[in-house]
Amino acid sequence: MRPMSFGQGGPDWGPGGSSTPDWSALADEAEHDRGRRRRWWLIGGGALAAVVVAGIVATAVIGQGGGSEPSAGGGASPDLPSSTPGQPQPTFNDEPPPPPPPRDFIATAERDKAPLTQESLFPGDKATINGRAYKKGAVSAAKKCASGAHSGLGPVLTKNGCDGLYRATFTREDLAVTVGIAVFDDAETATKVKSQYKPNLKALPGNGVPDFCRTVSCRTTVNSLGRYAYFTISGRTDGKESTEQDKAATRAGLDGSNYAYARILQRGKLQSQEWVDAQTEKRNSG
């Protein structure tokens, strides 16, 4: 808009002025001024809007990318989670399965499949029991169980279906103890034999051990574990009797009983471990 000129006495129009204002020119200039201000407002507003939009886009890129560099395609390259939150993840257990209880394997003939011989029950030529060393003497295995027992015990073994009687004698100083292990179909029968027990087991001489406990009193024990009933008879090798007061002979009998228990339980442990090994091999091959 052109500047308006003023004389010394005021504008050059109005009452007393020298001329009449050009109303049409003034209107054109006013309209031109309004249009120019409107164009500047649109330009400025558009630039501000562009800045605001750019800020939103930049914020979105940083938020998605976690501050990482954009990908070659120009967009953000967000880190994807390795798994879906809340979903159960697969687990891998390399541990071998726990072994079944050893007693499970010696409870029945159906499951007790390990070789059963006098050597598997009485290995080696000596034994240390409760810290006391014993030398192994004669050993015996009989299918007819009554042949290794006196008249009181023999019928009990026979009527309960004894499958075999294994005996071994151990000596220490002037003491001897014969351990007998009788085999039955199941644990229930072996427990029944223990309750029906009548002395006694035949002492087993031989292999350097003289006759003992043949015509004199000796100490005896009976017990059962799984499908096995086991017995001991212990006394002096010099032919003397062993009464209740003979603590050494009584202790030898208890040692023999503990030895039988340990050997029978060992059968269960070995078969339990074999089962674990077989299951582990099966898993590894699969």
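Here are three short exercises on the salt bridges and the confidence of this predicted model.

**Exercise 1.** Work out which parts of the chain the salt bridge between Arg267 and Asp112 ties together, and whether its two residues are buried or exposed.

*Solution.* Start with the contact itself: the side chains of Arg267 and Asp112 meet at 2.8 Å, N to O. Next, place the partners. Arg267 sits in helix H6 (residues 247–285), while Asp112 is in the loop between helix H2 (102–105) and helix H3 (118–121), so the bridge ties together parts 155 residues apart in sequence. Now check accessibility, where buried means under 20%. Arg267 comes out at 5%, so count it as buried, and Asp112, also at 5%, is buried too. Finally, look for further partners: Arg227 joins Asp112 and Arg267 in a network of salt bridges.

**Exercise 2.** Do the same for Asp174 and Arg236.

*Solution.* The closest N and O atoms of this salt bridge are 3.0 Å apart. Asp174 belongs to the loop between strand S5 (164–172) and strand S6 (175–183), and Arg236 to strand S8 (residues 228–236), so the pair links parts 62 residues apart in sequence. As for accessibility, Asp174 is partly exposed at 30%, whereas Arg236 is buried at 18%.

**Exercise 3.** Find where pLDDT stays under 50, and decide how to treat those stretches.

*Solution.* Begin with the whole chain: mean pLDDT is 78, with 66% of residues at 70 or more. Then pick out the weak spots. Residues 1–20 stay under 50, and so do residues 40–84. Where pLDDT is low, don't read the predicted coordinates in detail.

Methods. Residues numbered from 1 in each chain as written. Predicted model: local features only at pLDDT ≥ 70, side-chain atom pairs only at ≥ 80, totals over all residues. Heavy atoms only, no water. pLDDT = per-residue confidence, 0-100. Contact = heavy atoms within 4.5 Å. Salt bridge = Lys/Arg side-chain N within 4 Å of Asp/Glu carboxyl O. Helix = DSSP H or I, 4+ residues; strand = E, 2+ residues; numbered from the N terminus. Buried < 20%, exposed > 50% of the residue type's maximum accessible area, 1.4 Å probe, protein only.
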